[in-house]
Amino acid sequence: MKIFKLAALFFSVTVASYAQNESKRFAVSPEAPKSGDEITITYDPSGSILKDAKQVSGRIYTHGSFKWKVADITLKPTADKKWQTKVKLADDAALITCVFISDTLIDKGGKDTYSWMIPPTKSSYSGWGLLRNESFADQHPNFLDPVSTINDTISLMWIKYELQYHPESRIDVFYEGLRLTKNVKPIDMTKPIKNELKFVIGNNLNNLQQYKVQKALDLLEQPANKAFTDSVQKVMLTKYPNGVWARDIEIKKIFTENDFAKKVKAYEDFEKKFPQSNFQDVLTDTEALYYDKMFKSIAYGYIVNNKDYNYAINSVKKVSYTNLIDYAWHLVGIPFDRDQEGSEKTNLEILKKYADAIIPEMESREAHLPKDKVGEMSLSQWQELALQYGAREYFTYAKLLEIFKNYDLERKYLDKVKPLMAYKNASYNEVYVRMLLREGKTAEAKAFMELSAKQNQITPATIASLKDLYLKEGKKEADFDAYLHSLKADNNEEHKKKLISELINLPIAGFEMESSRGGKAKLADQKGKIVVLDFWATWCGPCKNAMPGMNMAVNKYKADDNVKFYFVDTQEYIKDFKAQTQAFIKEKGYDFTILYDGKNPKTGKYDETYEKYAKAFHFSGIPQKMIIDQNGKLRWQSTGYFGSPSELADEISIIIEYLKAEKK
């Protein structure tokens with residue numbers, strides 16, 4: 001009787017008839033399958049965006065036991081221009097929904113969706129009712145067309161069907177029912193929520209059901225219902241001392257602990273009391289917000305406090321994929337980049353040791369969905385996403401392997417990230433070309449360099465390699481620049497139009513700074529000349545990474561006395577920064593005129609000119625590039641570096657040439 005009273009409370013709404021998906025484009029055989037059956041899925045793309053598809057794949061989303069799972073499917077063509085595949089349903093399958101894919105096109109089924117219910121199975125009705133409700137997007141995969149969305153009233157109706165045909169589902173859908181009822185019914189829900197929670201906590205609850213108790217309590221107004229909330233919490237912590245709520249409390253407690261020794265001890269106890277393997281079926285908001293941060297605070301605490309990296313390295317097999325990426329970036333990527341750019345030398349053997357532990361573990365995680373992606377994406381989707389997440393770290397590892405002459409493994413990781421980086425990343429292109437030339441694949445290297453040049457993603461080293469091959473073919477050195485320009489012509493024209501459209505024309509205050517060539521450099525002395533300013537610092541990695549491109553521009557105009565390049569060393573904080581600046585420039589072989597930013601009378605920092613311009617033109621950060629025309633007006637500025645030396649050099653050149661022509 002209580003079940004039916006509950007249903008009456010939740011669901012006194014109009015009940016409409018429902019039917020299986022009747023779209024002729026989607027069919028399941030047998031029409032009334034049971035959980036565990038093998039079924040044939042037939043997709044007719046005629047009239048859809050996939051009507052001309054040569055290949056069709058897809059994903060099948062299966063709802064069972066109140067959870068979602070996603071799998072990839074491959075379809076084969078039939079004689080009547082349809083597509084089919086066979087799938088064995090899970091033993092608890094209650095609802096399936098499909099999307100069909102060809103290249104970048106995805107047919108999601110529109111308003112009707114490509115769905116099939118298996119009504120005898122528990123969770124079929126609730127799954128169908130919640131899948132299309134955007135209010136519950138955190139509880140189901142988000143893959144349907146917006147046009148299929150239903151409102152809370154209709155979702156409530158489907159929850160009613162769930163309870164009508166499966167009364168035992170009450171402890172699984174009570175939270176959704178309460179939340180929907182609160183949204184739909186203009187009544188005070190305090191008493192019904194409390195009564196329902198009293199019933200639910202009297203049952204033996206699994207992890208997900210325990211978490212739903214927490215979420216249902218959030219439906220109550222606070223602090224008016226604090227006493228009731230506290231009483232429920234007490235019951236849950238007493239009944240489930242090693243359960244979901246107790247675990248959430250400990251996660252937050254450890255995260256906020258300031259005493260490092262106490263934090264470490266608390267986490268050791270936490271691991272024993274709440275082993276990760278016991279909580280693979282639930283992800284709470286508290287875990288999502290704090291767990292990884294909690295663990296990182298310990299791992300990095302050992303590094304900061306004791307210079308002990310062993311804790312982090314020894315934990316690679318148990319940390320989340322997110323933390324693995326963080327390890328790779330902070331323990332390998334950042335120090336490697338700073339070493340290579342000359343900002344801070346490091347022991348590359350140690351970096352390789354760390355990378356040898358972290359990178360293979362990262363790669364192994366691609367074979368399994370992390371728990372925060374289960375029910376959200378298929379394995380192939382995860383592998384694609386994981387590659388995007390890890391590409392930068394895999395590339396760093398490849399560069400380390402090259403240094404240690406582990407060329408076979410270097411090729412493996414260069415090939416791994418090639419779909420994401422080839423032709424699009426100048427640094428990658430340089431390393432890949434170097435590998436091809438080392439392997440004696442000259443023709444392939446040339447073709448790769450030409451395609452990289454077309455994208456304007458080449459470094460000075462790559463240009464030198466291309467020029468070397470060009471000359472070996474018996475061609476004239478005098479013709480090389482025209483050849484290189486022809487490769488970039490199409491992209492350069494579009495880029496030129498964009499740059500010119502972004503030009504400004506603003507008055508700019510003068511500067512007077514100490515020059516590395518002696519004396520002072522003043523903007524007032526540069527009338528009739530184009531002045532290029534590049535604000536940088538010895539500690540700034542992107543600034544140094546941009547210098548090969550700036551050097552290309554400097555060399556292009558080194559004989560032109562009407563174009564001046566000044567590299568403004570700013571925001572330095574070490575005593576001997578001038579000596580370090582000169583040492584760096586000499587090491588790299590740059591013939592740059594360095595200007596030393598003056599001491600700011602307000603702050604005492606060496607950023608007087610930078611701070612003046614940053615305030616006037618509303619920018620922050622370095623590298624910061626500014627171009628001043630022959631009339632002393634600011635015409636262009638740019639913050640940051642985007643990775644391509646050739647593109648940067650062309651940008652500077654395009655603007656200089658435009659300003660020259662404009663003057664005429």
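This is a short tour of the structure above, stop by stop, with what to select at each one.

The model is predicted, so local features need pLDDT of at least 70 and side-chain atom pairs count only at pLDDT 80 or more, while totals for chains, interfaces and linings use all residues. Residues are numbered from 1 along each chain as its sequence is written, and side-chain values use heavy atoms, with hydrogens and water left out.

**Stop 1: the four-stranded sheet**

Start with strand E1 (26-29) and strand E5 (76-77), the edge strands, each of which pairs on one side only. They belong to an open sheet in the order E1-E2-E6-E5, with antiparallel pairing. Helices (H or I, at least four residues) and strands (E, at least two) are DSSP runs, numbered from the N terminus; two strands pair if DSSP finds at least two bridges between them. Now select residues 38-43 and 83-88: these are E2 and E6, joined antiparallel over six bridges. Ile-41 has Thr-85 as its bridge partner in E6.

**Stop 2: strand E9**

Next, pick residues 114-117. Tyr-114 and Trp-116 point one way from this strand, Ser-115 and Met-117 point the other way, and all are buried. Buried means under 20% relative accessible area, exposed over 50%, and partly exposed in between (1.4 Å probe, protein chains only). In a regular strand the side chains alternate between the two faces of the sheet. Strand E7 (residues 93-102) pairs with E9 in the antiparallel sense over four bridges, and Thr-97 has Ser-115 as its bridge partner in E9. While you are on E7, look at Cys-98, which counts as buried at 0% relative accessibility.

**Stop 3: Asn-151**

Move to the loop between helix H2 (124-131) and helix H3 (152-165), where you will find Asn-151. Asn-151 is partly exposed, at 43% relative accessible area. Its side chain reaches the backbone nitrogen of Ile-154 at 2.9 Å. Show Ser-135 too: Asn-151 and Ser-135 are 16 residues apart in sequence and 8.8 Å apart in space, C-alpha to C-alpha.

**Stop 4: the largest nonpolar core**

Select Tyr-327, Leu-331, Ile-358, Met-362 and Tyr-428, which touch the most other members of this 74-residue core. A nonpolar core is a set of buried Ala, Val, Leu, Ile, Met, Phe, Trp, Tyr and Cys residues joined through side-chain atoms within 4.5 Å. Helix H14 (residues 379-403) gives the most to the core, with eleven residues. Beyond its neighbours within four places in sequence, Tyr-428 is in contact (heavy atoms within 4.5 Å) with residues including Phe-395, Leu-414, Met-421 and Phe-448. A second, separate core of 53 residues includes Met-547, Met-550, Met-626 and Ile-628.

**Stop 5: the eight-stranded sheet**

Finally, show the open sheet with the strand order E10-E17-E16-E13-E14-E15-E11-E12 and mixed pairing. Strand E10 (506-507) and strand E12 (520-522) are at the edges with a single partner strand each, so one side of each has no neighbour in the sheet. Add helix H20 (residues 541-556), which packs on the sheet and touches E13 (530-536), E14 (563-569) and E16 (624-628). Strand E11 (residues 512-515) runs antiparallel to E15 (residues 594-596), with two bridges between them; one of the partnered residues is Ser-515, matched with Leu-595 in E15.

**Last selection: the disulfide**

Which cysteines does a disulfide join? Select Cys-540 and Cys-543, with S to S at 2.3 Å; a disulfide is a pair of cysteine sulfur atoms within 2.5 Å. Both cysteines, Cys-540 and Cys-543, are buried, and their link is right-handed, with 80° about the S-S bond. A search of the whole structure finds one disulfide.

Conventions. Axes fitted to C-alpha atoms, helices over the stretch in contact; angles between N-to-C directions. Polar contact = N/O pair within 3.5 Å; in protein donor to acceptor, adjacent residues only side chain to side chain.
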